[in-house]
Amino acid sequence: KKERKRIRRITRANREKEKQEAIQVGLMEAPAPKVNIANMMRVLGQQATLDPTAIEARVRKQVSQRIRNHDERNAARKLTPEERRAKKKKKYMEDVSEVVHVA
């Protein structure tokens, strides 16, 4: 388990490092800052002081869009009822006599 965690941590760090290098070279554009209501004034600064109502509306729209995207990705990953039945059936049919799990 410790080994899996270490490998996962290393691969994620490498993936992030590659992404940062691609951004520095210019192959990839930097992601837009994740603005929310709490950090709106810090991130947008001068713009937010000029027209705070419009900026707040834009920030709320971005936040709701991020939530919507998240929900859509979850729904796409969700198993269909048929797949869920097959998964449960496979679990019940699995032979547990050879494998011993100790809590």
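What share of the contacts in the protein chain with a separation of 6 or more comes from residues 24 or more positions apart? The figure is 21%, a contact being heavy atoms within 4.5 Å. The model is a predicted one, in which local features need pLDDT of at least 70 and side-chain atom pairs count only at pLDDT 80 or more, while totals for chains, interfaces and linings use all residues. Residues are numbered from 1 along each chain as its sequence is written, and side-chain values use heavy atoms, with hydrogens and water left out.

On the overall fold, there isn't a strand to be found: the protein chain has 5 helices and 0 strands, and reads α-α-α-α-α along the sequence. Helices (H or I, at least four residues) and strands (E, at least two) are DSSP runs, numbered from the N terminus. The radius of gyration of the protein chain is 23 Å, whereas a compact globule of 103 residues would come in near 13 Å. That radius is taken over C-alpha atoms, and the globule rule is 2.2 Å times the number of residues to the power 0.38. Along the principal axes, the C-alpha atoms fit a box of roughly 70 × 35 × 30 Å. Just 8% of the 103 residues count as buried; buried means under 20% relative accessible area, exposed over 50%, and partly exposed in between (1.4 Å probe, protein chains only). Carbon and sulfur atoms own 55% of an accessible surface of about 10000 Å², with areas from the Shrake-Rupley method with a 1.4 Å probe, where for residues only the protein chains shown count as cover.

Now for helix α1, which takes in residues 2–25, 24 residues in total. From first C-alpha to last it reaches 35 Å, close to the 34 Å expected at 1.5 Å a residue; the expected span is 1.5 Å times one less than the number of residues. Just after α1 sits G26, with a positive phi of about 105°. Around this point V25, L27 and M28 make up a nonpolar surface patch, with about 340 Å² of accessible area together. Patches are made of residues with over 30% relative accessible area and no salt bridge, like charges being joined within 9 Å and nonpolar side chains (Val, Leu, Ile, Met, Phe, Trp, Tyr) within 5 Å. M28 belongs to the loop between α1 and α2 (40–44) and is partly exposed at 36%.

As for charge pairs, the structure holds 3 salt bridges, each a side-chain nitrogen of Lys or Arg within 4 Å of a carboxyl oxygen of Asp or Glu. In α1, R6 pairs with E3, the closest N and O atoms being 2.9 Å apart. These two are 3 residues apart, so about one helical turn separates them. R6 is partly exposed at 38%, as is E3 at 44%. In helix α4, R60 meets E56 at 2.8 Å, N to O, with the partners 4 residues apart, about one turn. Both are partly exposed, R60 at 48% and E56 at 28%. The R85–E82 bridge, at 3.2 Å, lies in helix α5 (residues 81–93), its partners 3 residues apart. Here R85 is exposed at 53%, and E82 is exposed at 53%. An α-helix has 3.6 residues a turn, so residues three or four places apart point the same way.

Helix α4 (residues 52–77) also carries A76, which is exposed at 67%. A76 and K2 are 74 residues apart in sequence and 31 Å apart in space, C-alpha to C-alpha.
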